[in-house]
Amino acid sequence: MRADAFGLPEILAAAIVLALNAYVLTGGADFGGGVWDLLARGPRRGAQRELIASQIGPIWEANHVWLILVVVLLFTAFPPAFATLGIVLHIPLSLMLIGIVLRGSSFVFRSYGPRDDATQQRWGVVFAMASAITPILLGIVVGTIASGAAGDAGERLAARDATFASVYLAPWLSLFPLAMGALALAMFAFLAAVYLALAADDAALREDFRRRALGAAAAIFIAAFGGLAVAHVTAPRVSGVLTGSRAFAFQAVTAVAAIGALWAVWTRRWRTARIAAALQVSLILWGWVLVQYPFVVPPTLTLREVAAPRTTLELLLGALIGGALILFPALAYLFRIFAPKVR
Amino acid sequence: MTDLLAARSQMAISLGFHIVFAEIGIAMPLMMVLAEWRWRRTGERAYYDLARRWAKGTAVLFAVGAVSGTVLSFELGLLWPGFMRHAGPLIGMPFSLEGFAFFLEAIFLGVYLYGWERVSPRAHLAAGIVVAASGAASAVFVVLVNAWMNTPVGFTLDAAGNFVNIDPVTAMRSPAAFQQVLHMLLASYAATGMAVAGVHAWMLLRGADRAFHGRALLLALCIGAPAAVAQPFSGDLSARVVAETQPVKLAALEGQWQTMRDAPLRIGGWPDASREETRYAIEIPDGLSLLAFHDPHAEVRGLRAVPPEDRPPVAVVHLAFQTMVGLGSAMAIVALWAALVAWRRRDLSGHRELLRALVIVGPFGFICTEAGWIVTEVGRQPWVVQGFMRTAHAVTPMPGLVAPMTTFTVLYFGLGAVVVALVASLVRETSGVRS
């Protein structure tokens, strides 16, 4: 191994994944909240929706900025990767953006618009639908990158040997990316259910979200193993890495976190559940990193090949450190003010 | 419609939509903080109501600004991958800094909007100040990128067309940086302040509560009027940088075809690209030479100095420039008038002629902003990076771009209509306010 095997490009790539991880744990859960708004049922559905709105309200915009940070860091540090992904993933990314726009706007339209039932319901439906569709598209995008289909499409385009469908549609409209879309949706819903159970003041409401958390945990299980089975057939590189010896320890830790999260939800240890659920979801995300390292866009563009010049990377790292020194205290302040009361 | 035109249209609509919310996000927090500060100082209930209501408006408009800004950051890659591939390492720096500024803005807006009963009065006011300051900082960083596209520095071009020897810090200090940032910040305060003043002037004309709307009008004018008066001077600074660094853009916005000394300033007129002349304009002798170079005999380069394929669409740019200057001047005059009335210690809220004028110029700031972006963006065509990269080389190879363009256009027009209706209902609610 070279002495500089972990250099600036790797550090910045790690920072991007950390920012994405933060987005998943915070912004992802906000989308998950919207999913439970969509699925609000039973005598307490009004209370469920109120709890969701009150939990998302003060923080969703700050949580959303993580995604913007991921995008700007990616195009600053690895511009050719951003360019390639922008081209071949144009359609799913555009659809995801529409979801992001509709989710955010409908949420404030509902919060600040007329209080009559018809208006509330109209924006509530848009908010809930957009909350459910956006994570699926995010998962599809990640799945397309991880499986190597995005990189292959970029190659076909460069070789001028491509139909529209083979570059812009087929890569993401296939089983593995769709399975990853389902997995992202299940993970976000699971996080949200656990956070909401912790935040609920009312015992019955807490039980509502406990049942939902258990359901979402089952959905994660199905989507993850379904995805692995699909990968075995359609994306052998992904399943090869994930079932290989190198990943064994990693998979074992993920399994422990998953079982721990399930146990904590089952036994109503909510604070433990929150930590274990966040850990489980984070490990699944880092599993993706493990699958495609050292590629940004497998199987063609590696970190080193597409990294911006050293000057840019150095300045960017400096900006990240400086920014983090301001950002983290500010975020801690925000979450301390609006944290659910500890029981 | 060609794919290039569709991509440019989508970017124009996305930016044209976002910029309105971005401006409001910069200026509105300052106004709500000012109102809250007046309330805490004077204890007058009207200021408290005002801060709460302006905050409500800010919440809606900021959210739409945040999501439409996200769209733009993705569109850089979705529409202009060629640009990002080469320029990313140079302009990523201000975008990253903008990311952090936006973070602070979003965090403290959350604290401000939802923290009235949860944090101390001092902390609440401070949160509002952080929102206002980081909103302005975001604008500074984003405009630095645009200034670089107009006056690119901090790299050399190798034989293969790659940007090498890059220096992102120099790129942030491009020749147009200061003037463009100043112009955009003033535009934000002028457009938002004067628009809000227009809304409250309208309510006053309709006989709504004077204690509430009169105070609102005065505070809005405190932000909007000075900026509106300063803006023509900032525009003069900008025009002189354009004259030096982007002569073709200057020629397009003035409709100047021929290279000449003693160039006249044209008011109105229609630039005819086929005849290569601007017709029906009122010409003020030596005016352009004087304004652009502060010398009535200075030579101004005309459009004919460059081949037609290097010229922007002149009519659009000229018309947009005339609109910006004309409406901007009207705003400045009304702002001065308001200042004069206030200075004479006359009650603004009873001055019906002034109120009517304020209502009329209310939307001018946003129209000027749109026109100004058309001037700077269309005026730079056919370049995305002035003199170094053509827009046609930056666009995505994906065909059928008219489809996403149409989709986002419909989406934004729909959202725009909802926002207007919602803000109108928030304003109508205030007609019942009694202090």
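User: Before anything else, how many helices and strands are there in chain A?

Analyst: In this predicted model, chain A contains 15 helices and two strands. Its radius of gyration is 20 Å, close to the 20 Å that the globule rule gives for 343 residues, so chain A is as compact as a globular protein of that length. Along the principal axes, the C-alpha trace of chain A spans about 60 × 45 × 40 Å.

User: What percentage of the residues in chain A is buried, and what percentage of its contacts between residues at least 6 apart joins residues at least 24 apart?

Analyst: A residue is called buried when 20 or more other C-beta atoms lie within 10 Å of its own. By that test, 55% of the 343 residues in chain A are buried. As for contacts in chain A between residues at least 6 apart in sequence, 80% of them join residues at least 24 apart.

User: What do the same readings give for chain B, beginning with its helices and strands?

Analyst: Chain B has 14 helices and eight strands, and its radius of gyration of 23 Å is close to the 22 Å that the globule rule gives for 435 residues, so chain B is as compact as a globular protein of that length. Its C-alpha atoms fill a box of roughly 65 × 45 × 40 Å along the principal axes. Buried residues account for 57% of the 435 residues in chain B, and, among contacts in chain B between residues at least 6 apart in sequence, 76% join residues at least 24 apart.

User: How should I read a single helix, for example α9 of chain A, and what are its expected and actual spans?

Analyst: One general idea to keep in mind is that an α-helix has 3.6 residues a turn, so residues three or four places apart point the same way. For the length, one compares an expected span with the distance between the end C-alpha atoms: the 25 residues of α9 (residues 175–199) of chain A should span 36 Å at 1.5 Å a residue, and the ends are 36 Å apart, which agrees. As to its surroundings, 23 of the 25 residues of α9(A) are buried, so this helix is largely enclosed by the rest of the structure.

User: Where is the kink in α7 of chain B centred, and what is the distance between the end C-alpha atoms of that helix?

Analyst: The kink in α7(B) is about 35° and is centred on B:Leu221. The 36 residues of this helix (residues 210–245) should span 52 Å at 1.5 Å a residue, and its end C-alpha atoms are 50 Å apart, which agrees.

User: Which peptide bonds in chain A are cis?

Analyst: Omega is the angle to look at here. The bond from A:Tyr293 to A:Pro294 is cis, with omega near 5°, and A:Pro294 is found in the loop between α13 (270–292) and β1 (295–297) of chain A. A cis peptide bond also joins A:Pro298 and A:Pro299, with omega about 0°, and A:Pro299 lies in the loop between β1 and β2 (301–302) of chain A.

User: What is phi at A:Arg268, and is that residue buried or exposed?

Analyst: Phi of A:Arg268 is near 60°, a positive value in a residue other than glycine. A:Arg268 lies in the loop between α12 (248–266) and α13 of chain A, and it is exposed, with 12 other C-beta atoms within 10 Å. In chain B, phi of B:Asn165 is near 50°, again a positive value in a residue other than glycine; B:Asn165 lies in the loop between β2 (163–164) and α5 (168–172) of chain B, and counts as exposed with 11 C-beta neighbours inside 10 Å.

User: Which residues does B:Val164 contact, leaving aside its neighbours within four places in sequence?

Analyst: With those neighbours set aside, B:Val164, which is placed in strand β2 of chain B, is in contact with B:Phe155, B:Thr156 and B:Asp158.

User: Finally, how many residues does each chain bring to the contact between them?

Analyst: The contact takes 54 residues from chain A and 52 residues from chain B. On the side of chain A that touches chain B, α15(A) gives the most, with 13 residues, and by class that side has 41 nonpolar, 12 polar and one charged residues. Regarding confidence, the model scores ipTM 0.94 and pTM 0.95.

Technical notes. Residues numbered from 1 in each chain as written. Chains lettered and ligands numbered in written order. Predicted model: local features only at pLDDT ≥ 70, side-chain atom pairs only at ≥ 80, totals over all residues. Contact = placed C-beta atoms within 7 Å. Helix = DSSP H or I, 4+ residues; strand = E, 2+ residues; numbered from the N terminus. Nonpolar A, V, L, I, M, F, W, Y, C, P; charged D, E, K, R; others polar. Rg over C-alpha atoms; globule rule 2.2 N^0.38 Å. Expected span 1.5 Å × (residues − 1). Bend = angle between axes of the 7 residues up to and from the residue.
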